[in-house]
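Hi,

Here is the structure I promised to pass on to you. Have a look at it first, and then read on for what I found.

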Amino acid sequence: MSSLLECQTLTKKYGSLIALNNVSFTVERGRIAGLLGPNASGKTTLIKLINGLITPTSGTVLINGQKPGIESKLKISYLPDANFLPEWMIVKQLLNYYSDFYSNFNINKAYDMLARLGLNDKMRLKSMSKGTKEKVQLILTMSRAADLYCLDEPIGGVDPASRDYILDTIINNYNENGSILISTHLISDVEKVLDDVLIIQNGCLYMHKSVDEIRKEHNTSVDGFFREVFRC
Amino acid sequence: MLGKLIKHEFTATSRMLSILFGVLLVISPITALYMKLRNTSLLSDNNLFFNLLEILCMAVFCIAMIAAGITTVIVILNRFYQSMVTRESYLTHTLPVSTSQLIISKLTVAFIWQIIGILVMSVSLRIFIGILGGWDEFSRGFRGFIIYMTDELGFNSGNLSLLIIATIVSIIVAYLKCYAAFALGHLINGHPFLGFIVSYIGISIITQIVSIVALTLFNFIMTNLDTNNESFSTLFNVSIISGLLFNIAWGVLFYIITMALFKKKLNI
């Protein structure tokens, strides 16, 4: 049986700049993989390639054996690293939007999560704080019973209390038959939820191991290992 | 999915355009009523303030009409730009729909708004002229023009149908041209709007050059044919059909460029 996510010799160039260089790896079903690396290492580029938002210079991305397209977009739930929802929309419009296009979107689950945060569906995005907008984006992403969740820096730029809320939301709401690819450089916060680690450095895949292997082989936490490798 | 895309496209554009058209429909009777009152005994004094207000009313109506036309196009193009090229496009391009569905939905809504805009502007003009009491004169003038076209020049319903089709096609092609420029412009990393401007100018120059060559060729063919015995109606049809075919060819090319770039070279 093929892997849920398979990247084969993936390269992305912007002119002479190589953003991603010959990256190959697989993510199996049911795994939570951390995509780690310093800033500008190629994490967002890789996630965009998986989501079909940019096209590779060479190599292929396969999601459940298929190249990025209509089918894969239904299977992947993507959370970008920036506010991407139209500011003029109210929450109810967003919920209807997701309901209309994604057959795997669970609107009741979304309403539950909103209620727990004290948000109502009449609220307009424009009137929300940056943190609240991020939480709404996360709720929309995690209310889908997707095969693969691609979360790009979901805890970047938020306070520690919000980080806990975000991680709890992810862990309690993802489709357990699927997988999560979570990109971050805040390793200590996510380490506890990860099964596997993919470390990217200067566009190249530096390491792909399970968290247990790293701990066993290097006798340290993933965060400790990362700090050792990328010491300035 | 196409129906859902069209529905949401309407939602996104209607909040601006419905206000715009509503304002236009309110401005027309207000300005016309003041100008009408100016001619009654109530406000007929040769007062500088009333005179200025009358000029202002006329100016407001004219500016509102022009602004409505321009703003409609800007709102529609801005919607395309925001949802296809900027950060909002993360949402658009991760929907489980095809690129052709995205483009067709946007084009359909753009076209419908354009037609609604033309209708609203016509109704506003009708209200404005009607209140001022000039409708009969306007109708007479228009009827005279129609009689001249039909009786003197032989303009018939076939010509009219063709003219309507050509207008519809030219509206669609104008939007497709902008879409192609957006698609080309988005390839420039970090400067998609600048890319759009440069691409639009580039496309315009190319289309102008090709049009001039084609028009010269067309004139050459026409002058070598014995057209002296042909009626206005026939010559009109030949001109419109050739222009229409030319426009359709551009439209198809712009659609292919937009499709290919957003599908094969997406760079968000």
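A good place to begin is chain B, which is divided into two parts: domain 1 covers residues 1–133, and domain 2 covers 155–268. Please keep in mind that this is a predicted model. The C-alpha centres of domain 1 and domain 2 of chain B are 25 Å apart.

How do these two domains of chain B meet? On one side, 15 residues of domain 1 of chain B are in contact, and they face 15 residues of domain 2 of chain B. On the domain 1 side, at least two residues each come from α2 (48–84), α3 and α4 (99–132) of chain B. Of the elements there, α4(B) gives the most, with seven residues. Sorted by class, this side of domain 1 of chain B has ten nonpolar and five polar residues, and no charged residues.

Now to the place where the two chains touch. Which chain gives how many residues to that contact? Chain B contributes 20 residues and chain A contributes 21 residues. On the side of chain B that touches chain A, the elements giving two or more residues are α1 (2–38) and α3 (89–93) of chain B. The most comes from α1(B), with four residues. By class, this side of chain B has seven nonpolar, seven polar and six charged residues.

One element to look for in both places is α3 of chain B: it supplies residues to the side that touches chain A, and also to the side of domain 1 of chain B that touches domain 2 of chain B.

Enjoy exploring it!

Best wishes

Key. Residues numbered from 1 in each chain as written. Chains lettered and ligands numbered in written order. Predicted model: local features only at pLDDT ≥ 70, side-chain atom pairs only at ≥ 80, totals over all residues. Contact = placed C-beta atoms within 7 Å. Nonpolar A, V, L, I, M, F, W, Y, C, P; charged D, E, K, R; others polar. Domains from an automatic or database assignment.
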